[in-house]
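Trainee: I would like to learn how to read a model of a protein, one feature at a time. Could we begin with the terms and then go to the case itself?

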Amino acid sequence: MIHSLFLINASGDIFLEKHWKSVVSRSVCDYFFEAQERASEAENVPPVIPTPHHYLLSVYRHKIFFVAVIQSEVPPLFVIEFLHRVVDTFQDYFGVCSELMIKDNVVVVYEVLEEMLDNGFPLATESNILKELIKPPTILRTVVNTITGSTNVGDQLPTGQLSVVPWRRTGVKYTNNEAYFDVIEEIDAIIDKSGSTITAEIQGVIDACVKLTGMPDLTLSFM
């Protein structure tokens, strides 16, 4: 599916590339650079760019273009969603997703990308599973790896990878079983001088903090 991934900064420099199936030349990004020059802003670059032999699918986040190269037709939203998951994973691992942070942790970046795709197809994209496979970098772990020559690769396979809920760790235990929910509502309205409502819109989200042991069934009722 995905043959290569290129990370391009706002200046148009390719500062990282990863290949899975076969090595794709950097010259394929020339089509992307042409589209970038025609766009008035970085956000206006077309997310799908066809070329004679490849398709370029990209997302722009944190002033970085994540450009995936594919050779066969696949659902574009599938690839774009995966690219967003890559960005979210980097942000979860390093705190921020920036060019400097990626360069400082380039070894971990390559290890994570290797686990996220298997021969170009998504394999492990959940943060809990990836953190069991590749330990997040810390100052202490970096010092230990430098002295002992070890890596951030975990010693055991993640137990939750074959679970029906891979986003949750297995064997979770809490002293107290509790769940908290916050319902946040926002009302946006335009009212004229006579007090009549011209337009009104209500938006709401539910923030949850759930600490339950195991995988219990939970029934919620909103009055």
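Mentor: Helices and strands are runs assigned by DSSP and numbered from the N terminus, with at least four residues for a helix and at least two for a strand. Please keep in mind that this is a predicted model. As a case, Ala 42 belongs to neither kind of run, but sits in the loop between α1 (30-38) and β3 (48-50).

Trainee: Is Ala 42 buried, exposed or partly exposed?

Mentor: Buried means under 20% relative accessible area and exposed means over 50%, with partly exposed in between. Ala 42 has a relative accessible area of 24%, and therefore it is partly exposed.

Trainee: Which residues does Ala 42 contact, leaving aside its neighbours within four places in sequence?

Mentor: Contact means heavy atoms within 4.5 Å. With those neighbours set aside, Ala 42 is in contact with Tyr 60 and Phe 65. A separation between C-alpha atoms is another kind of value: for Ala 42 and Ile 64, which are 22 residues apart along the chain, it is 9.5 Å.

Trainee: Where does Asp 13 lie, and what does it touch beyond four places in sequence?

Mentor: Asp 13 is in the loop between β1 and β2, and, when residues up to four places away in sequence are not counted, it touches Leu 7 and Ile 8. Its relative accessibility is 43%, so Asp 13 counts as partly exposed. Between the C-alpha atoms of Asp 13 and Phe 82, 69 residues apart along the chain, the separation is 22 Å.

Trainee: What should I look for in the backbone angle phi?

Mentor: Most residues other than glycine have a negative phi. In this model, His 62 has a positive phi of about 55° although it is not a glycine, and Lys 63, also a residue other than glycine, has a positive phi near 60°. His 62 is found in the loop between β4 and β5, and Lys 63 lies in the loop between β4 and β5 as well. As for accessibility, His 62 is partly exposed because its relative accessible area is 37%, whereas Lys 63, at 63%, is exposed.

Trainee: How many residues are in the largest nonpolar core, and which have the most contacts inside it?

Mentor: A nonpolar core is a set of buried residues of certain kinds, joined through side-chain atoms within 4.5 Å. The largest one here has 35 residues, and those with the most contacts inside it are Ile 2, Leu 7, Phe 66, Phe 90, Ile 102, Val 112 and Leu 113. Several elements each supply at least two residues of this core, including β1 (2-9), β5 (64-70) and α4 (106-116), while its largest share, 9 residues, comes from α2. Leaving aside neighbours within four places in sequence, Phe 90 has contacts that include Phe 66, Ile 102, Val 112 and Leu 113. Another core, of 16 residues, lies apart from this one, and among its members are Phe 6, Phe 32, Phe 33 and Val 45.

Trainee: Which residues line the second largest pocket?

Mentor: The second largest pocket holds about 150 Å³ of space, and it is lined by Trp 167, Arg 168, Val 210, Leu 212, Gly 214, Met 215, Pro 216 and Leu 218. By class, this lining has 6 nonpolar, 1 polar and 1 charged residues.

Trainee: How far apart do the C-alpha centres of domain 1 and domain 2 lie?

Mentor: The domain assignment gives domain 1 as 2-148 and domain 2 as 171-222, and their C-alpha centres lie 33 Å apart.

Terms used: Residues are numbered from 1 along each chain as its sequence is written. This is a predicted model: local features need pLDDT of at least 70, side-chain atom pairs count only at pLDDT 80 or more; totals for chains, interfaces and linings use all residues. Side-chain values use heavy atoms; hydrogens and water are left out. On a 1 Å grid over the protein atoms alone, a cavity is a set of points where a 1.4 Å probe fits but cannot get out, and a pocket is an open set with protein on both sides within 12 Å along at least five of seven lines; lining residues have an atom within 4 Å of a point. Grid points are joined across faces, edges and corners, and a volume is the space filled by probe spheres set on the points. Ala, Val, Leu, Ile, Met, Phe, Trp, Tyr, Cys and Pro count as nonpolar, Asp, Glu, Lys and Arg as charged, and the others, Gly among them, as polar. Domain bounds come from an automatic or database domain assignment. Buried means under 20% relative accessible area, exposed over 50%, partly exposed in between (1.4 Å probe, protein chains only).
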